[in-house]
Amino acid sequence: QVQLVESGGGLVQAGGSLRLSCAASRRSFSSYVMGWFRQAPGKEREFVAAITRSGGSIHYADFVKGRFTISRDNAKNTVYLQMNSLKVEDTAVYYCAAGGAGSLESTYDSWGQGTQVTVSS
């Protein structure tokens, strides 16, 4: 497993942007598929985006296509989630995860503590 620490969450108005970061503790970061998930109050955690080891393949949930961008810097052991055109319904705790397969939450074995994103109207 790998330790993950998210940062970059906060309060933003609808239409605004935030950039989340997730720093990994291990030098073998480049060997992990990385994903972002989120959990809104009263809802189950859901898939947001995933990126393969080299960044050559990316998968997004339909509700973020065209608004969010996942990227990674293997030299910095960090994965990012750039969130633009934020909507109130994007309000959630955002988690990064490592070691999984695409959108399948149950396949990820390392999780960060989460970072709160709140979008106001």
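Colleague: Glad to look at this with you! Why is Glu-105 called partly exposed?

Modeller: In this predicted model, Glu-105 has a relative accessible area of 27%. Buried would need under 20% and exposed over 50%, so a value of 27% makes Glu-105 partly exposed.

Colleague: What makes the contact between Glu-105 and Arg-45 a salt bridge?

Modeller: The N to O separation of their side chains is 2.8 Å for another pair we will meet, Glu-46 and Arg-38, and 2.9 Å for Glu-105 and Arg-45. The cut-off is 4 Å between a side-chain nitrogen of Lys or Arg and a carboxyl oxygen of Asp or Glu, so Glu-105 and Arg-45 qualify at 2.9 Å. Glu-105 sits in the loop between β9 and β10 (110-111), and Arg-45 in the loop between β4 and β5 (46-51), so this pair ties together parts that are 60 residues apart in sequence.

Colleague: And how is Arg-45 classed, buried or exposed or in between?

Modeller: Arg-45 counts as partly exposed, because its relative accessibility of 26% lies between the 20% and 50% limits.

Colleague: How many salt bridges does a search of the whole structure find?

Modeller: The search finds 5. Arg-38, Glu-46, Arg-67 and Asp-90 are linked in a network of them.

Colleague: How do you know that Arg-38 and Asp-90 belong together as a salt bridge?

Modeller: Their side chains meet at 2.9 Å, N to O, and that falls within the 4 Å limit. Arg-38 is in strand β4 (residues 34-39), while Asp-90 is in the loop between β8 (78-83) and β9 (92-98), 52 residues away along the chain.

Colleague: Why are Arg-38 and Asp-90 classed as they are, buried or exposed?

Modeller: Arg-38 has 6% relative accessibility and Asp-90 has 1%. The limit for buried is under 20%, so Arg-38 counts as buried, and so does Asp-90. Glu-46, which also meets Arg-38, is partly exposed at 32%.

Colleague: What makes Arg-27 exposed?

Modeller: Arg-27 has a relative accessible area of 83%, and exposed asks for over 50%. This residue is found in the loop between β3 and β4. Its C-alpha is 7.0 Å from that of Asn-77, with their positions 50 residues apart in sequence.

Colleague: Why is Lys-43 called exposed as well?

Modeller: Lys-43 has a relative accessible area of 57%, which passes the 50% limit. Lys-43 lies in the loop between β4 and β5.

Colleague: How do you know that β4 and β9 pair?

Modeller: There are 6 bridges joining β4 to β9, and pairing asks for at least two. The two strands run antiparallel, with Gln-39 bridged to Val-93 in β9.

Colleague: What makes β9 and β10 a pair?

Modeller: They share 2 bridges in the antiparallel sense, which meets the minimum of two. Ala-98 has Ser-110 in β10 as its partner. Strand β9 also pairs antiparallel with β11 over 3 bridges, where Tyr-94 stands opposite Thr-115.

Colleague: Why do you say β9 is mostly covered?

Modeller: Of its 7 residues, 6 are buried.

Colleague: Which residues touch the most other members of the largest nonpolar core?

Modeller: They are Met-34, Trp-36, Leu-81, Met-83 and Tyr-94, in a core of 36 residues. Strands β3 (18-24), β4, β5, β7 (68-73), β8, β9 and β11 (115-120) each supply at least two residues of this core.

Terms used: Residues numbered from 1 in each chain as written. Predicted model: local features only at pLDDT ≥ 70, side-chain atom pairs only at ≥ 80, totals over all residues. Heavy atoms only, no water. Buried < 20%, exposed > 50% of the residue type's maximum accessible area, 1.4 Å probe, protein only. Helix = DSSP H or I, 4+ residues; strand = E, 2+ residues; numbered from the N terminus. Core = buried A, V, L, I, M, F, W, Y, C linked by side-chain atoms within 4.5 Å.
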